[in-house]
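Let's take a walk through this protein together, from its overall outline down to a few individual side chains. Have the viewer open and follow along.

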Amino acid sequence: MKTLALFFSLFFVCPLSLWSQSASDLLPKLSEALSEGKDSYAVSLFRQSASANMEQTEMFYWTNVDKNSAVAPKLANEMATLYKKKRNYDKAYLFYREYLQHSPEDVSALVACAEMEMMRGKETDAVKTYEKVLKLDADNLQANIYLGNYYYLQAENVKMKLEEDFKKISSPTRMQYARYRNGLSDVFTGSYSKARGYLQRVLQLFPSTEAGKTLEKIKKVELELK
């Protein structure tokens with residue numbers, strides 16, 4: 001009986017006819033809601049329409065929504081979230097950028113945008129976005145983790161290249177050895193030190209075993225250079 005009662009209560013709150021409507025049915029109602037300034041209702045209709053047909057709803061957004069209106073960023077965020085769930089990272093990124101034009105200091109949106117940049121293989125763009133995040137929220141765990149690991153891997157790659165190039169020299173001169181050591185020192189004061197700073201912040205925020213292990217590796221490199 002309780003299940004039946006719940007069904008009927010949901011039926012009256014959200015009639016079955018609304019659940020089964022297509023984007024073609026919903027978009028005219030959405031257009032009317034937007035023209036009447038019923039923003040909350042418009043967002044609800046937009047979400048339902050996007051669930052029914054993403055492409056059609058996206059086209060409606062680009063051609064029928066006033067981008068200067070208060071509701072526009074809410075709709076862009078809806079599209080970004082839905083595309084992210086569908087793993088369409090290009091489209092999700094596009095709509096997160098659209099949303100951030102209205103709310104450039106929204107930390108959660110910046111983090112989501114950085115995630116999409118990473119998934120699209122744009123690591124350096126993700127670095128810049130995460131750095132923006134930390135200017136707004138220095139204790140953002142995800143940004144500190146990403147930047148710590150990014151700079152550590154960058155340092156490891158440069159260090160490996162320096163070592164490989166030096167090993168190719170059968171009888172290195174003092175000048176060549178000094179150049180090699182200076183190169184290692186520059187890597188440490190650059191990328192390794194950046195990585196250490198971010199990962200130390202991670203440990204202040206969260207007891208990460210992986211961050212601790214990476215910091216130990218950085219400490220080992222530091223000792224080798226002394």
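We begin with the whole chain, then turn to one helix, its aromatic rings and a few side chains elsewhere.

Please keep in mind that this is a predicted model. The chain contains twelve helices and zero strands, so if you read the elements from the N terminus on, you meet one α after another: α-α-α-α-α-α-α-α-α-α-α-α. The radius of gyration is 26 Å, well over the 17 Å that the globule rule gives for 226 residues, so the chain is more spread out than a compact globule. You can see this in the C-alpha trace too, which spans about 85 × 45 × 30 Å along its principal axes. Of the 226 residues, 36% count as buried. If you look at contacts with a separation of 6 or more, 52% of them come from residues 24 or more positions apart.

Now find helix α10, which covers residues 141-167. Its 27 residues reach 39 Å from the first C-alpha to the last, close to the 39 Å expected at 1.5 Å a residue. At the N-terminal end, Asn 140 acts as a cap. A side-chain oxygen of Asn 140 lies 3.3 Å from the backbone nitrogen of Gln 142.

Which residues of α10 are buried? They include Ala 143, Asn 144, Tyr 146, Leu 147, Gly 148, Tyr 150, Tyr 151 and Tyr 152, and further along Ala 155, Lys 159 and Phe 166. In an α-helix there are 3.6 residues a turn, so residues three or four places apart point the same way. The buried residues of α10 pack against α8 (107-119), α9 (123-136), α11 (174-205) and α12 (209-224).

Several of those buried residues are tyrosines, which brings us to the aromatic rings. The count of aromatic pairs comes to 13. One of them joins Tyr 150 and Tyr 151 edge-to-face, with 5.3 Å centre to centre and 85° between the planes. Tyr 150 has 17% relative accessibility and so counts as buried, being under the 20% cut-off. Tyr 151, at 9%, counts as buried as well. The ring of Tyr 151 also pairs with that of Tyr 198: their centres are 6.1 Å apart and their planes at 10°, so this pair is stacked. This pair links distant parts of the chain, since Tyr 151 is in helix α10 and Tyr 198 is in helix α11, 47 residues apart. Tyr 198 has 19% relative accessibility and therefore counts as buried. Step back a little, and you will find that Tyr 130, Tyr 146, Tyr 150, Tyr 151 and Tyr 198 form one aromatic cluster.

Aromatic rings also appear alongside charged side chains. The charged end of Lys 67 sits over the ring of Tyr 61, 4.9 Å from its centre. Arg 120 lies over the face of Tyr 93, and here the distance to the ring centre is 4.4 Å.

Our last stop is Arg 87, in the loop between α6 (72-85) and α7 (89-102). Phi of Arg 87 is near 65°, a positive value in a residue other than glycine. Is Arg 87 buried or exposed? Its relative accessible area is 64%, so Arg 87 counts as exposed.

Methods:
Residues are numbered from 1 along each chain as its sequence is written. This is a predicted model: local features need pLDDT of at least 70, side-chain atom pairs count only at pLDDT 80 or more; totals for chains, interfaces and linings use all residues. Side-chain values use heavy atoms; hydrogens and water are left out. Helices (H or I, at least four residues) and strands (E, at least two) are DSSP runs, numbered from the N terminus. The expected span of a helix is 1.5 Å times one less than its number of residues. Buried means under 20% relative accessible area, exposed over 50%, partly exposed in between (1.4 Å probe, protein chains only). Contact means heavy atoms within 4.5 Å. A polar contact is a pair of N or O atoms within 3.5 Å; within protein, one must be able to donate a hydrogen and the other to accept it, and residues adjacent in sequence count only if both atoms are side-chain atoms. Rings of Phe, Tyr and Trp (its six-membered ring) pair if their centres lie within 6.5 Å; planes under 30 degrees apart count as stacked, over 60 as edge-to-face and the rest as tilted. A charge sits over a ring if NZ of Lys or CZ of Arg is within 6 Å of the ring centre and within 35 degrees of the ring normal. The radius of gyration is taken over C-alpha atoms; the globule rule is 2.2 Å times the number of residues to the power 0.38.
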